[in-house]
Every structure is written in structure tokens, then in C-alpha cells.
Amino acid sequence: MNHDDWLAALTGELRRHGVGPDLTGHVVAEAATHLAESGEPPLRVFGPPEAYARAVADSLGGPDQRPPRRRPGPVRLAAQGVTKRYRGRTVLDRVDLTVRAGEIAAVVGANGAGKSTFLRICAGLLSPDSGTVRIDGTLGYCPQDGGTAEFLDPDEHFVLVGAGRGLSRRTARRDGRVKAAALDWTPPAGTQARHLSGGTRQKLNLVLAGLGEPDVLLLDEPYQGFDRGTYLDFWHEVWRWRDAGKAIVVVTHLLNQLDRVDIVLDLTASRERVA
Ligand SMILES: Nc1ncnc2c1ncn2[C@@H]1O[C@H](COP(=O)(O)OP(=O)(O)OP(=O)(O)O)[C@@H](O)[C@H]1O
């Protein structure tokens, strides 16, 4: 089944499941973008259109559809009125987000909606034009790409980042390797990051984000380049973090993940609302 046939079938299935025309258009456009970017066959990326449409429809069904979880704890991340402009163009307009210990928030929106910008502001790497972000606790950040040092091998990354989080060399290496194993990855000793595949570098990025068990995890589309098995491992790791009382923010543009999270911040919708 080619991309166009799959997208046409998805459109029909979404409508059959009672998804409205606007949201159907949005979901189909997102899927088309992802397919174009990944270059993979649609059946491999999303599965059969009827199953994907059902998952999307289920994810709109409200809290009953979500996996059971413990009661959330104290507020770990509080973003209020975050506004960012680039060359006079408003990318983020008074965005609010509150995430408590034991909660997962998804930041969604079309390409260019400002998801990465918002996460970089939350990570303290970028200043907002107005608004505030308060983080209570330690922080781990997994960038969309480029978070690794080309000439260091994975163990050297663990030691370097671990040192910043107060871990001894030995503990950092061990923690890094345990977290890598959760993603079904054995870091090769002596292989510099520049020689790792894109998906493997993302695994390294993700392991680094979680090193030392920070209280708040900011993950910017961390699963890009992951194969299907690793992708599932990734969500198990995120749920484990949630059960351990972490506050997690995951940037994504795949709507079929929304039933896996507790809070959804749709930046497209927020911009449309204030327009
Ligand atoms: N440093 C910058 N200078 C000017 N414009 C920028 C800068 N960084 C981002 N932008 C613009 O701000 C908008 C939001 O970018 P951002 O990367 O946050 O979006 P995104 O939602 O993460 O997109 P994607 O889904 O493609 O990753 C885009 O239009 C982008 O071109």
C-alpha cells in the first residue's frame, strides 16, 4: 500500500470512527509529514489504517482510556504565560503548563508550532520574551538532536554528564549501562559518538537525560530513528520514570501516543485559540 492509498484509507477510517473533519485533516497531515520524513512504508510506521484510526479515536475518549497510575505529587514544572517571538513573529503566545511528580505531559502541534522552542525554554537554554518557568528539582534534557560530543565514546559521555550530576565515574558508567540495557542497547566501548547510527545516538541522548534519576525529564522527540522494539522500550522507560515519581514532558507530533500520557499541551490549538 503506497503513502497516498494509506492516507486516503486513514481519512475514511477516521471519519467512520466519528472523528470530525478538522481533526481528521490534522491527523492525516501529521501522518503524511511523518511518512515523508521517515521514508518508511506506512504499514511499518503506523500499521493498518483502521487500527491507527481506532487508536486515534480511543485517544480522544478521555481519561478512562489512559493506563492506571499513582496519584500525582507536587508540582515539578510550572510554566506560566511563556511567550517567544522570532523577528517579530510570535511562536509561543502565553503558554501555560503544570506538571506534577508522577505525571507525563505531551507537547504536540504541527511542524514549526514551537514545541522545541518551548522545551528549550523549560530547560533554561533559551529565554522567553515574557513568562516564567519554575523547575523544582534536578533536570534531565534530551534534545531533538545534537546532544552528544562527536569524539567521546558512550562511557565517556556517562562519566562527563554523571560528574555534573554528582555521580562517581564508576556509578555513572554503571547507571549509563543499566539505562542503555533498558533500551536493548549495549554501548560499544571505544566507539566515538560520530560513528554511531542516528538512532543509537538518540539512545545515548536519552540515557544521558535519565542519568542520576533527575526529578524532571524534558524529552524532545527522543525516539526518532528508533526501531519498533526500541520505541516500545522507550515508553516502558517513560512509564517507569512516572511510577518513580518523575515529572516528564515529551515533545511529539504523533497523535497515537496521546493515550500514553496524562496531560496534552497542543501548541497549534493554543496559537489558534489566541489568533
Ligand atoms: N533561532 C531561531 N531564529 C528564528 N526563528 C526560529 C529560531 N528557532 C526556531 N525558529 C522558528 O520558530 C518556529 C518554531 O520552531 P520549533 O523548532 O520550536 O518548532 P517545532 O514545533 O519543534 O517544529 P518540528 O515539529 O519541526 O520539530 C519555526 O517556524 C522555526 O523556524
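**Exercise 1: The domains**

Task: Find which residues belong to domain 1 and domain 2, and how many Å apart their C-alpha centres lie.

Solution. Start with the division of the chain in this predicted model. Domain 1 covers residues 3–65, and domain 2 covers residues 75–274. Next, take the C-alpha centre of each domain: the centres of domain 1 and domain 2 are 25 Å apart.

**Exercise 2: Around the ligand**

Task: Work out how many residues surround the ligand, which helix gives the largest share of this shell, and how the shell divides into nonpolar, polar and charged residues.

Solution. Begin by counting: the ligand is surrounded by 11 residues. The closest are Tyr86, Asn111, Lys115, Ser116 and Thr117. Then look at where the shell comes from. Helix 5, residues 115–122, supplies the largest share, with 3 residues. Finally, sort the shell by character: 7 residues are polar, 3 are nonpolar and 1 is charged.

**Exercise 3: The antiparallel sheet**

Task: Find the order of the 3 strands in the open antiparallel sheet, and say which strands are at its edges.

Solution. Step one is the order, which reads 2-1-4. Strand 2 and strand 4 are the edge strands, since each pairs on one side only. On average, neighbouring strands here are turned by 15° against each other, direction ignored.

Step two is the pairing of strand 1 (residues 75–86) with strand 2 (residues 89–100): they run antiparallel and are joined by 8 bridges. You can follow this pairing through two partners. Val75 stands opposite Arg100 in strand 2, and Tyr86 has Arg89 of strand 2 as its bridge partner. Tyr86 is also one of the closest residues to the ligand.

Step three is the turn. Strands 1 and 2 form a hairpin with 2 residues between them, and Arg87 in this turn has a positive phi of about 45°.

Step four takes you to strand 4 (residues 130–135), which pairs with strand 1 in the antiparallel sense over 5 bridges. Here, Gln80 has Thr132 of strand 4 as its bridge partner.

**Exercise 4: The parallel sheet**

Task: Find the order of the 5 strands in the open parallel sheet, then look at how strand 6 joins strand 7.

Solution. Reading across the sheet, the order is 5-6-7-3-8. Its edge strands are strand 5 (139–142) and strand 8 (263–266), each of which pairs on one side only. Neighbouring strands in this sheet are turned against each other by 15° on average, direction ignored.

Now pick out one pair. Strand 6 (residues 216–220) and strand 7 (residues 247–251) run parallel and are joined by 5 bridges. Within this pair, Leu217 stands opposite Ile248 in strand 7.

**Exercise 5: Packed helices**

Task: Describe how helix 7 packs with helix 8, and how the axes of helix 6 and helix 7 cross.

Solution. A useful starting point: two packed helices are described by the angle between their axes and the distance between the axes.

For helix 7 (residues 169–182) and helix 8 (residues 198–210), the angle is about 125° and the axes are 9 Å apart. That makes helix 7 oblique to helix 8. Their crossing is right-handed.

For helix 6 (residues 154–164) and helix 7, the axes come within 8 Å and cross at roughly 120°. Helix 6 and helix 7 are therefore oblique to each other. Helix 6 also passes helix 7 in a right-handed crossing.

Terms used
Residues are numbered from 1 along each chain as its sequence is written. This is a predicted model: local features need pLDDT of at least 70, side-chain atom pairs count only at pLDDT 80 or more; totals for chains, interfaces and linings use all residues. Domain bounds come from an automatic or database domain assignment. A residue is near a molecule or strand if its C-beta atom, placed from the backbone, lies within 6 Å of it. Helices (H or I, at least four residues) and strands (E, at least two) are DSSP runs, numbered from the N terminus. Ala, Val, Leu, Ile, Met, Phe, Trp, Tyr, Cys and Pro count as nonpolar, Asp, Glu, Lys and Arg as charged, and the others, Gly among them, as polar. Two strands pair if DSSP finds at least two bridges between them. Axes are lines fitted to C-alpha atoms, for helices over the stretch in contact, and angles run from 0 to 180 degrees between N-to-C directions. Angles under 35 degrees count as roughly parallel, over 145 as roughly antiparallel, 65 to 115 as roughly perpendicular and the rest as oblique. A crossing is left-handed if the near helix is turned anticlockwise from the far one by less than a right angle, and right-handed if clockwise.
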